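Student: I have a model open and want to learn to read its features. Where do we start?

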Amino acid sequence: MELIKKVEELKNEIIAKIKEAFDEPSLRLIQENHLSKKSPLNAMMSHIKELQGEEKASFGQAINNAKKEIAEFFASKEKEISDKKIQEKLEKEKIDITLPSIDYHMGGINPFYQIIDEICDIFTSMGYQVKEGPDVETDYFNFERMNIPSNHPAREMQDSFYITNTTLLRTHTSPAQAHAMDEAKGQPLKIICPGKCFRRDDDDATHSHQFGQVEGLVIDKNINLGNLKATLELFLRKMFGEKREVRFRSSYFPFTEPSVEVDISCMECHGKGCPICKGTGYIEILGAGMVHPHVLEMSGYDPKEYSGFAFGIGIERVAMLRYGIDDIRKIYQGDVRFIEQFKRM
Ligand code: PHE
């Protein structure tokens, strides 16, 4: 029958077109032109009313078969194109894991900052706040507020780097505490102040014109020397080991009264005497004392009601003792061979 032949031709034509499709848009174009309601194949349906009986049935069936075959072919082409797309994407995104990796250099943390972090960790766990202050200070905050007036011999000891007649590189972190006391406006205080300090000094294996300090300050009602002793013993044993003996000797600082110097038993010889402790069995580690009433007064506290203790510890000295560093200058030189040794501490 002529009509069935026509259907067959149309079908082959469409399938040939589908075969040629190579991407998503070309497939969609075929779908619009040849598989829609208005497609030539569907239009053939209108001939059905011209036919009768057997002929009508086989013509209808021929159209349905053709449609089915086209739909199947279309679906498989669709899958082929989408598979190809995924494959292309995978190829493009392929990572060659056999390529040598980029060698990123891993630095270490300077022991100076490791020690500061460790000290801050110990004191914050005891409820202290960390307060920092500026490196450039006024004479007033660096000296006057620490009970060191301009004619005081302690100024000579800290012979300093002046920027103007009244500003200088701070010689200790104590001025940060004076700022904190001003902010506290007469309220209790529990702080540590880490930072850099500067003094005119001949640089050698154990001295440097720049060094680090952490100073601590506690002010409240009924604070006494026993609190200071217990706090420092706890801190020093956490820092240097539970077995350390801690020794307090009386000393002098203009801003504390009474003042003490604190030693720990030598970790090398455990008190017997060796070159590290210069034969004394003990190593001097920090200065401390009860805040001088005059300092309290200048900072807005009534010394009859409030008392406090303060202490100061040198960072480099702790680092040198802890890690067996023989020359303080190595801490500042930025030599990676030195710093790299502190990677995993
Ligand atoms: N500010 C002192 C110094 O730099 C250290 C110190 C602080 C001593 C607090 C006693 C009490 O020398």
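Tutor: Start with a helix and its length. The expected span is 1.5 Å times one less than the number of residues. Helices (H or I, at least four residues) and strands (E, at least two) are DSSP runs, numbered from the N terminus. Helix α4 (residues 53–92) has 40 residues, so 58 Å is expected; its end C-alpha atoms are 59 Å apart, which agrees. Two notes on the source: this is a predicted model, where local features need pLDDT of at least 70, side-chain atom pairs count only at pLDDT 80 or more, and totals for chains, interfaces and linings use all residues. Residues are numbered from 1 along each chain as its sequence is written, and side-chain values use heavy atoms, with hydrogens and water left out.

Student: Which residues of α4 are buried?

Tutor: First the general idea. An α-helix has 3.6 residues a turn, so residues three or four places apart point the same way. Buried means under 20% relative accessible area, exposed over 50%, partly exposed in between (1.4 Å probe, protein chains only). In α4 the buried residues are Phe59, Gly60, Ala62, Ile63, Ala66, Ile70, Phe74, Lys77 and Ile81.

Student: What covers the buried residues of α4?

Tutor: The cover includes α1 (2–20), α2 (24–34) and α3 (40–43). Contact here means heavy atoms within 4.5 Å.

Student: A lysine is on that list. Why does Lys77 count as buried?

Tutor: Lys77 counts as buried because its relative accessibility is 10%. Leaving aside neighbours within four places in sequence, Lys77 is in contact with Ile18, Lys19, Ala21 and Leu27.

Student: Now the sheet. What is the order of its strands?

Tutor: Two strands pair if DSSP finds at least two bridges between them. Here 7 strands form an open sheet with mixed pairing, in the order β1-β4-β5-β9-β8-β7-β6. β1 (129–130) and β6 (246–253) stand at the edges with a single partner strand each, so one side of each has no neighbour in the sheet.

Student: In which sense do β1 and β4 pair?

Tutor: They pair in the parallel sense, over 2 bridges. Val130 stands opposite Ile192 in β4.

Student: And what about the strands β4 and β5?

Tutor: β4 (residues 189–198) and β5 pair in the antiparallel sense over 10 bridges. Lys190 has Val218 in β5 as its bridge partner. Gly195 stands opposite Gln213 in β5. On burial, 8 of the 10 residues of β4 are buried, so β4 is largely enclosed by the rest of the structure.

Student: How many residues of β5 are buried?

Tutor: β5 (residues 210–220) is mostly covered, with 9 of its 11 residues buried. β5 also pairs with β9 (residues 307–314), in the antiparallel sense, over 8 bridges. Read the register from the opposed residues: Glu215 faces Gly312 in β9, and Gly216 stands opposite Phe311 in β9. In a regular strand the side chains alternate between the two faces of the sheet.

Student: Which residues come nearest to the ligand?

Tutor: A residue is near a molecule if one of its heavy atoms lies within 4 Å of it. Of the 13 residues around the ligand, His172, Ser174, Arg199, Gln213 and Glu215 come nearest.

Student: Which polar contacts should I look at?

Tutor: Take pairs of N or O atoms within 3.5 Å; within protein, one must be able to donate a hydrogen and the other to accept it, and residues adjacent in sequence count only if both atoms are side-chain atoms. An N or O atom in the side chain of Ser174 is 3.1 Å from a nitrogen atom of the ligand. A polar side-chain atom of Arg199 lies 2.9 Å from a ligand oxygen atom. For Glu215, a polar side-chain atom lies 2.8 Å from a nitrogen atom of the ligand.

Student: How much of the ligand does the protein bury?

Tutor: Accessible areas come from the Shrake-Rupley method with a 1.4 Å probe; for residues, only the protein chains shown count as cover. Taken alone the ligand exposes 320 Å², and the protein buries 91% of that. β5, β8 (282–291) and β9 each give two or more residues to the shell. The largest share, 3 residues, comes from β9.

Student: What do the buried residues of α11 pack against?

Tutor: They pack against α5 (111–124), β5, α9 (225–240), β8 and β9. In α11 (residues 315–323), the buried residues are Ile315, Glu316, Val318, Ala319, Met320 and Leu321. Just after α11, Gly324 takes a positive phi of about 65 degrees.
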